[in-house]
Amino acid sequence: MATSISFISNTGETHKEYLLNRFEQADEIIFAVGFLKQSGLNNINKYLKDFCADRTKSSTFYIGTGLGETDPDTLQALYNVIKTIKNHQLVLCTPDAGIFHPKIYVFISGRKATIVTGSSNLTQHGWAVNDEVSMVTET
């Protein structure tokens, strides 16, 4: 199986456009981010609800809670979307061992995976406004 590497930024096709497109194709998603804001949940909310409606799909969200940047009400809203659905989980990453600060988005479809790693948190600014860059690895 071939692997390809490319880059995305918010100056061309934004993270938002690229990542939401991958949502629709995935069987499983894994997000690991340092910050979650309401604007970020607003970006994915419709897609996440549709994704979760398919009981064959799964998701895991690792969200950092350090530095006070993640909005507690938004965490609750995310949890409310996934809490009653099997195969979906929210993992809170506390600053006990240091600040949890990755920006990793994984989309798995069958035997293919798309992994996006870079500088964009799950926020509107991270996905569409800031000068962010991420590496995309597709297998």
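In this predicted model, the axes of helices H1 and H2 come within 10 Å of each other and cross at roughly 10°. Because angles under 35 degrees count as roughly parallel, H1 and H2 are therefore described as roughly parallel to each other. On the H1 side the contact is made by Lys16, Leu20, Phe23 and Glu24, while H2 contributes Asn43, Ile44, Tyr47, Leu48 and Phe51.

Several of these residues reappear in the nonpolar interior. The largest nonpolar core has 28 residues, and those with the most contacts inside it are Phe23, Ile29, Phe31, Ile44, Leu48, Phe61 and Tyr105. Two or more residues of this core come from each of helix H1 (15-25), strand E2 (28-33), helix H2 (38-53), strand E3 (58-64), helix H3 (72-82) and strand E5 (103-109), and H2 gives the most, with five residues. As a general matter, nonpolar side chains in soluble globular proteins tend to be buried together.

Strand E2 pairs with two other strands, E3 in the parallel sense and E5 in the antiparallel sense. The table sets out these pairings, each with a pair of residues that stand opposite one another.

| Strand pair | Sense | Bridges | Opposite residues |
|---|---|---|---|
| E2 and E3 | parallel | six | Val33 and Ile63 |
| E2 and E5 | antiparallel | six | Ile29 and Phe107 |

The link between E2 and E3 also involves a helix, for E2, H2 and E3 make a right-handed β-α-β unit. H2 thus has a place in the β-α-β unit as well as in the contact with H1.

Tyr105, one of the core residues with the most contacts, touches a set of residues beyond four places away in sequence: Leu19, Ile30, Phe31, Val33, Thr114, Ile115, Val116, Ser120, Asn121, Leu122 and Trp127. One of these partners, Ile115, is found in strand E6 (residues 112-118). Is Ile115 buried or exposed? With a relative accessible area of 32%, Ile115 is partly exposed, because that class lies between the limits of 20% for buried and 50% for exposed.

Leaving aside neighbours within four places in sequence, Ile115 is in contact with Ile104, Tyr105 and Val106, and also with Met135, Val136 and Thr137. Ile115 and Ile30 are 85 residues apart along the chain, yet their C-alpha atoms are separated by 9.3 Å. Ile30 is itself among the residues that Tyr105 touches, and Tyr105 therefore has contacts, defined by heavy atoms within 4.5 Å, with both Ile30 and Ile115.

Technical notes: Residues numbered from 1 in each chain as written. Predicted model: local features only at pLDDT ≥ 70, side-chain atom pairs only at ≥ 80, totals over all residues. Heavy atoms only, no water. Helix = DSSP H or I, 4+ residues; strand = E, 2+ residues; numbered from the N terminus. Buried < 20%, exposed > 50% of the residue type's maximum accessible area, 1.4 Å probe, protein only. Core = buried A, V, L, I, M, F, W, Y, C linked by side-chain atoms within 4.5 Å. Pairing = 2+ DSSP bridges. Right-handed = clockwise from strand over helix to strand, strands pointing away. Axes fitted to C-alpha atoms, helices over the stretch in contact; angles between N-to-C directions. Parallel < 35°, antiparallel > 145°, perpendicular 65-115°, else oblique.
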